[in-house]
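Here's a quick tour of some ring packing and one serine. Have the viewer open while you read.

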Amino acid sequence: MESTQREEIKNVFIDGGFAMNTHGGSSANMSRVSKWGSSVLIATAAAITLYSAAASAGDKPIRIGDGPGPGPVGPGPGCNLIPAKASTGTKVDISEFPPPDSLTDPELAGPVQLLRSGKFDIPIERLTGVEVPAGSPRGTITLPLFRGAVKTPSGLKPAWYIILDAGDQAEADRLGVNFSRKLRNAGDAARPATRRADGTFLFESGIVDFSPDRLVIPGPEDRPFPPRVAQPGSVGDANYSPLVRVDGIVYDAPIIAAAVENAAVNFPNGNPDYALVHDQVIAIDPAHGTVTLALINGFSFGKPVLYISTDSSDPGVSAIEANTFAPRMRRLEVGIDDIARSGVERIFIATNGASEGGCNNPQRQGLSAALLDGHRPNNTFGGIPTIATDYSPVWDANLYEWTKDSIEKGYRGLLTEEFRILKLARDGYITGPNGAPFGSAGPVIVCGVAARLN
């Protein structure tokens with residue numbers, strides 16, 4: 001690794017570490033953030049020289065480069081959460097089954113498209129009626145792309161963004177996005193903007209640099225998390241947040257490209273320049289106002305879901321998630337779940353879930369598995385629209401670790417439901433990382449939920 005690249009990595013993480021301890025929030029909140037940040041910082045500092053030695057010996061990182069990882073249709077049961085046909089195990093063809101109940105009432109069983117503004121390459125309404133082969137289709141959503149502007153010291157610059165959620169029900173319905181009442185509690189984590197005559201946003205500040213190269217080097221094979229190096233592929237400045245307050249309404253409006261004109265980000269057929277666009281972009285078409293993004297698989301209350309990961313408050317998380325590091329998101333209070341002032345909902349992330357056999361293991365889950373095989377970690381969300389009213393696209397990362405005793409007794413497995421996880425934590429089968437108390441790890445991850453699959 002060149003000395004300049006080592007210095008860039010060091011600066012990203014040292015700056016992030018200082019920010020963890022200087023932004024607002026309770027002392028308990030900062031303690032949790034610092035614990036997460038310290039493990040990444042220590043691992044990163046050690047890896048700066050380790051990577052140079054490994055590279056000189058011809059070794060390569062397992063995960064390097066920009067762009068999204070595998071889609072939600074993986075090569076085996078541990079990486080493919082698409083439901084089986086409803087007729088599986090019966091004597092009749094699927095054509096004899098009635099339409100799923102969710103097509104008439106989204107709170108009933110069956111698939112539901114939550115981001116109505118988008119177009120899926122996997123036909124959501126047909127998921128219970130067809131077999132979706134692994135790897136085809138990829139699992140993407142095409143959304144409206146908006147060209148706004150952001151104020152910078154050198155004048156107005158283009159700011160390309162999408163809208164995934166809104167804190168007002170009528171506005172969410174108008175846009176075809178998710179409604180989240182918790183967004184009203186975003187406070188100073190939401191940056192201000194005004195609405196221009198054409199309806200697009202003029203951001204008062206906050207811009208993203210998409211030019212860094214994303215780099216993730218896992219830890220040893222027996223403990224790949226935390227990674228030895230984790231450098232995000234896009235970094236927001238101190239004022240950037242995907243949450244935006246316009247006319248009293250808070251929107252989840254992540255920046256997809258910034259400070260570039262139409263021609264520079266015109267990749268309607270794919271293969272975009274990831275030095276200019278978000279790492280989850282598959283294709284972008286400014287002329288027609290659309291962007292195609294990768295979908296990620298997860299669970300909520302036992303149901304598989306597809307979501308889009310856009311930003312996080314921690315550089316290490318953003319490197320693993322292939323999203324934007326947004327330091328301003330640290331201004332949100334975490335560890336408070338569903339009380340009246342909460343702006344967050346919980347996401348449950350295994351650090352050492354089952355990884356043996358990779359995608360062929362139906363119990364596969366967690367960060368260690370993802371770092372070893374490069375596929376998604378199968379995270380578990382709390383409430384999402386149609387299942388609960390406490391949904392927020394801002395997810396408070398609750399990391400959990402299976403205890404040595406649980407693993408030795410064969411209890412470790414795939415967890416897909418919040419209260420199952422909470423019960424295992426109460427009973428002592430899982431803890432926080434390294435035996436710490438179970439609960440918020442500090443970072444938040446911004447993920448708009450696109451669909452529920454059954």
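In this predicted model, the charged end of arginine 191 sits over the ring of phenylalanine 203, at 4.1 Å from the ring centre. Phenylalanine 203 is buried, with 0% relative accessibility.

That ring has aromatic company too: Phe203 belongs to one aromatic cluster with Phe146, Tyr161, Phe201 and Tyr251. Searching the whole structure turns up 11 aromatic pairs. Two of them are set out here.

| Pair | Geometry | Centre to centre | Angle between planes |
|---|---|---|---|
| Tyrosine 161 and phenylalanine 203 | edge-to-face | 5.5 Å | 85 degrees |
| Phenylalanine 348 and phenylalanine 438 | stacked | 6.4 Å | 5 degrees |

What does the stacked pair link? It connects distant parts of the chain, 90 residues apart: phenylalanine 348 is in strand S23, while phenylalanine 438 is in the loop between strands S26 and S27. Phenylalanine 348 is buried at 1% relative accessible area, whereas phenylalanine 438, at 24%, counts as partly exposed.

As for the edge-to-face pair, tyrosine 161 is in strand S6 and phenylalanine 203 in strand S10, so the two rings tie together parts 42 residues apart in sequence. Tyrosine 161 is buried as well, at 1% relative accessibility.

Now for the serine. Serine 342 is in the loop between strands S22 and S23, and it's buried, with a relative accessible area of 1%. Its side chain reaches the backbone oxygen of valine 344 at 3.0 Å. Setting aside neighbours within four places in sequence, serine 342 touches Lys182, Asn185, Ile336 and Asp337.

On confidence, the chain's average pLDDT is 87, and 85% of the residues score at least 70. Residues 1–59, though, have pLDDT below 50.

How values were computed: Residues numbered from 1 in each chain as written. Predicted model: local features only at pLDDT ≥ 70, side-chain atom pairs only at ≥ 80, totals over all residues. Heavy atoms only, no water. Helix = DSSP H or I, 4+ residues; strand = E, 2+ residues; numbered from the N terminus. Buried < 20%, exposed > 50% of the residue type's maximum accessible area, 1.4 Å probe, protein only. Polar contact = N/O pair within 3.5 Å; in protein donor to acceptor, adjacent residues only side chain to side chain. Contact = heavy atoms within 4.5 Å. pLDDT = per-residue confidence, 0-100. Phe/Tyr/Trp six-rings, centres within 6.5 Å; stacked < 30°, edge-to-face > 60°. Lys NZ or Arg CZ within 6 Å of the ring centre and 35° of its normal.
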